[in-house]
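Colleague: I am a first-year student and I would like a close look at a single part of this model. Please choose a part, explain each term when it first comes up, and then place the part among the rest.

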Amino acid sequence: MAQSLELLLLQFLMPDDEARGNAEDQIKRLVRDPQVVPQLIDHIRSAKTPIVRQLSAVLLRKKITGHWQKLPHDLRHLVKQSLIESIMTEYSPSVRRASANVVSTIAKYAVPGGEWPDLLLFIFRCSQSAQEDLREMGLLLFTSLTETIGDSFQPYFADLKLLLLKCLQDEISGVRVAALKAVGAFLESTHDKSQVVKFCEYIPSILDYSRKSLSSGDEDVAIIALEIFDELIESPAPLPRESIRAIVQFSLEVCSSSDIKISTRHQAIQIISWLAKYRSNSLKKHQLIFPILQIMCLLLTEATSSDLDDDLSPDRAAAEVLDTMSVKLSNHVFPPVFEFASENSGNANPKFREASIMGLGLISEGCLVLMKENLEPVLHVVLEALRDPEQVVRGSASFALGQFAEYLQPEIVSHYEKILPHILRSLQDASDDVKVKSYYALAAFCENMQVEILPFFDTLLGKLLASLQSSPRILQETCLSAISSVASAAHKAFIPYAERVLELMKAFMVLTNEEDLCSRARATELVGIVAVIVGREKMEPNLPPFIEAAIYGYGLECSELRKHTHGFFSNVTEILEDGMVWYLPHVVPLAFSSCYLDDGPAVDINDSDEDEDDDVDGLGAISSDDEAKDEPIVGNISIRTSVLDEKAAATQALGLFALHTKSAYAPYLEESFMIMMKHSIYFHEDVRLQAITGLKHILTAAHVFVQKHNDGASMLKELLDPVMTIYIKTMNQDDDREVVAQTCMSLAHIIKDFGYFAIELHIARLVESTLVLLQQMSACQQVEFDSDNKVYDPGQNEVLMDAVTDLLPALAKAMGSNFEPIFAILFNPLMEFAKGSSSPKDWTMVVACVAEVAKNMGAPISGYISPLMPFVLKELASSSATNRRNAAFCVGELCKNGGNCSLKYFDDALHCLYPLFEESEPDPAVTDNAAGAVARMIMAHQDSVPLNQVLPILLNVLPLKEDHEESVPVYSCICNLVLSSNSQILQLVSDLIIVFVQVAISPLETREVKLQIGEAVSHLISLYGRQMKPILRSLPPAYVHALAAIVPKS
């Protein structure tokens, strides 16, 4: 066999492909036998040519894992001894390295089992050898072994630390590089924070060596150093101040030097980015933010070479750093960036002008609070740049406006009179790049506009439609997106243009060339938006050709088109509702198909130094026994975001199909339910968000469907219980606030729709999860790790907490007075948001929650009146109309349900409510709620309200102007007083009739309220028939007829 294997190895080296292939096939068969091990060892030791010795070592490394346990003890000893000898005596570096790799592979199994106790000692001896090649090999062995048995070095940490520090100062460059790699490897393997901190002592030596290497034109050392810094930064260990400063200074030196390769500079910028992400408070504490921002802003001014990879360009990498820093350190980022913009917006160099505007756009998401406060001066700089003679500056300004429109809402919309004319002018720019960015800015700006757009609407849409018909295809996609946003903002004002736009879209929705499919996608999206605006009656007859085109377009190879196709069907479903049933067999399978798509992650596998061996004359074709047993080192995972967007759109469509077609969706319920359950734990939050909503829609459809079955309740329970389990798990474990917020909203809807039946098996866990969210301790409420401090921004929590507090009223409605023990658990955490340190939005959130709980829970709220009422009465004087409105409603519910406990607050309540009835109150909805509060107080404790003073004031603000949900309590109160012949109300008959008439003619009031008014009018006529006649005669005939229509016939 020995002779045979040696010949095969030599044959494997021949240039003849056929001979080489035959040798490879035979080698594959031979290496399956454990007896190949001693033969390979013999070749490693004695083969005449280095390439055969190397090939033998590579083969042994690939197959030793499968054979090791089958080898007798003496042969294992021979293998270990022979490999050590090879490392010590072999003159060929490639053979030594290949033997070292075999040692690393065997050590993974032999060292933990105590089979190779002298290996670590051998490595230490090598690393201190007088022979430079052995010192280097010892360090390389150490580096390799840390990946597999790093824990075995822990007892020798002190000795290892001294050894590596000494080797970093070795006179031989190869040894120093090997020591540097060993430091990086150990940092990657250790989990001991104290060891990480001690390794910071190496930083001065590492930097000294790196700077010397850079000055001599060798960048490899700096690259290894930056990789070490990466490990340090991502470690949870607290890094010393001098270490952070040294890393920042070196990284800034590297990234700002134009003499250094772009790839190395990019790596240095990434270090700054990681520091901003993981060590933001350290940057703040050590006053490093300003010097970083100075360099990053300057890097934005660098011109990118046309042959350079955009992802590596310094200006793009610096832009990412600014974005990250603005999110993590917003208050400290805006002032320097705005200063740079102000100083350079008039710079003679157009790259500086471009960078000054670009910087403002980049930080708008993270610095939104300060930018909103400084919107006037910021807009002045950006709008001036839209007039710049240089295209790159105008393009930068259009980009910045788009960013502002996306992130500086709602404040940015109030400047529409200033902004829209500039955008209109930019739409006619000579540069296509500026036009594209202007379309983007317009689309983002209009998404949040409503009636404000109307003065500009005709001009805007006219220019967009003209541009759509005359522009090259590259512009048409963004132009279509802008038309969609303008149409959505204008809403009904768009209807006169609908027919023309739909006709234009027909041409786009038949495009099939690959380069045209994104435009087709945007056209498909636009038709769906137009359908929603126009409505079912006018749109349904025109839909079939568009639906047919959308179904056909799905079959074209374009994920963007498929995504917008699902969005189109979602919109169509919303207007057609049950009319969508006919299309279900055609569209549901398309959504299923997208949901089952492979996510297509592109993963780079990095198998360390072994790749070098595998490349030796094609030996990579021979599989390694280790590959099936060990996880590869994975790097550079990139997920196709287009597939994620498509899945999210398809998931949303399935939910809407179920919601609007209900029982007709029965054939698809089970599969849709399984998809939603799977997607509710999907790795990307956009898909999870749609699945969480979709599950609620599936339950709605199922509820209708199961009512036709005798065992409907049990069938529904089979769906409800797993959904509740998923929802509660999401509340606890999901790290995305929007997903958790949607989960809470969906839960509240389910509880309202299905009652206590939905939650009876889950109530304890649901309450516990709600408590954790109120205490702001759930997974989605945790900030990213920062060694210096943990900062929590309550402003980011607003949407989430609104959703969480919606759960309490829903539970109270389902449980009634039985909710009180649960409310007792949640009350104190809820009231934390009522403290002075919270925001006015938090305060009104608490008030609104308490009001609904009081309404639904009833009498048990009396136990909470004392801590609640002073806070709620204070909110009646808030500067916010929303706060005053909610407070008025809450006062009424607390007085109505608070029993005798609320009586002592009646005088204070009336006193605080009084200003809301005066003409100085600008919001009619606030006054309506104040009227509702007084009505509830009267109905609860009539004797405690001075009717002679209160009733004239109450009648003076009637009828209700805006909040007609208050109609029942307000008019019930007045009618009950009339029907009980209350003396105070009867003194106000003339005023009463005027109010009653206005209610009778109002199209906004319900039949129930009007009939109640009719009974009161009938009672008044029965008491004061003669006196009533002049009053009724003075009314216009239409008013008399309206009253007559609601008065009961005798």
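Modeller: Helices (H or I, at least four residues) and strands (E, at least two) are DSSP runs, numbered from the N terminus. This is a predicted model, in which local features need pLDDT of at least 70 and side-chain atom pairs count only at pLDDT 80 or more, while totals for chains, interfaces and linings use all residues. Residues are numbered from 1 along each chain as its sequence is written, and side-chain values use heavy atoms, with hydrogens and water left out.

First, the setting. The protein has 53 helices and two strands. Its C-alpha trace spans about 130 × 65 × 60 Å along the principal axes. Of its 1050 residues, 54% count as buried, where buried means under 20% relative accessible area, exposed means over 50%, and partly exposed lies in between (1.4 Å probe, protein chains only).

The part I choose is the loop between α48 and α49, where P959 is found. The peptide bond leading from L958 into P959 is cis, with omega near 5°.

Further along this loop come two acidic residues that take part in salt bridges. A salt bridge is a side-chain nitrogen of Lys or Arg within 4 Å of a carboxyl oxygen of Asp or Glu. One of the two residues is D963, whose partner is R885, with 3.2 Å between the closest N and O atoms. D963 sits in the loop between α48 (947-956) and α49 (967-979) and R885 in helix α45, so this pair ties together parts that are 78 residues apart in sequence. The two partners differ in cover: D963 counts as buried because its relative accessibility is 9%, whereas R885, at 30%, counts as partly exposed.

The other acidic residue is E966, which forms a salt bridge with R936, and here the closest N and O atoms are 2.7 Å apart. E966 belongs to the loop between α48 and α49 and R936 to helix α47 (residues 924-940), so the pair ties together parts that are 30 residues apart in sequence. Both E966 and R936 are buried.

Helix α45 covers residues 881-897 and also holds K896. At 45% relative accessibility, K896 is partly exposed.

Now for the rest of the chain, beginning with other salt bridges. The structure holds 28 of them. One of these joins K418 to E376, with the closest N and O atoms 2.9 Å apart. It links distant parts of the chain, since K418 is in helix α24 (residues 416-426) and E376 in helix α22 (residues 375-385), 42 residues apart. K418 is partly exposed, at 35% relative accessibility, and E376 is partly exposed too, with a relative accessible area of 46%. Elsewhere, R536, E540 and D578 are linked in a network of salt bridges.

A cis peptide bond also occurs from Q409 to P410, with omega near 0°. P410 is placed in the loop between α23 (391-407) and α24.

Two other loops contain a residue with an unusual sign of phi to look at. E577, in the loop between α32 (559-576) and α33, has a positive phi of about 50° although it is not a glycine. Its relative accessible area of 39% makes E577 partly exposed. Q776, in the loop between α40 (763-774) and α41 (798-815), has a positive phi of about 60° and is not a glycine either. Q776 counts as partly exposed at 25% relative accessibility.

A last loop residue is Y596, which lies between α33 (584-595) and β1 (602-605). At 47% relative accessibility, Y596 counts as partly exposed. Its C-alpha atom is 34 Å from that of D806, a residue 210 places away along the chain.

For contrast with the loops, take helix α7 (residues 119-127). Seven of its nine residues are buried, so this helix is largely enclosed by the rest of the structure. Those buried residues are L119, L120, F122, I123, F124, C126 and S127. S127, with 3% relative accessibility, is clearly within the buried class. S127 and W116 are eleven residues apart in sequence, and their C-alpha atoms are 18 Å apart in space.

To return to the chosen loop: it contains P959, the buried D963 and the buried E966.
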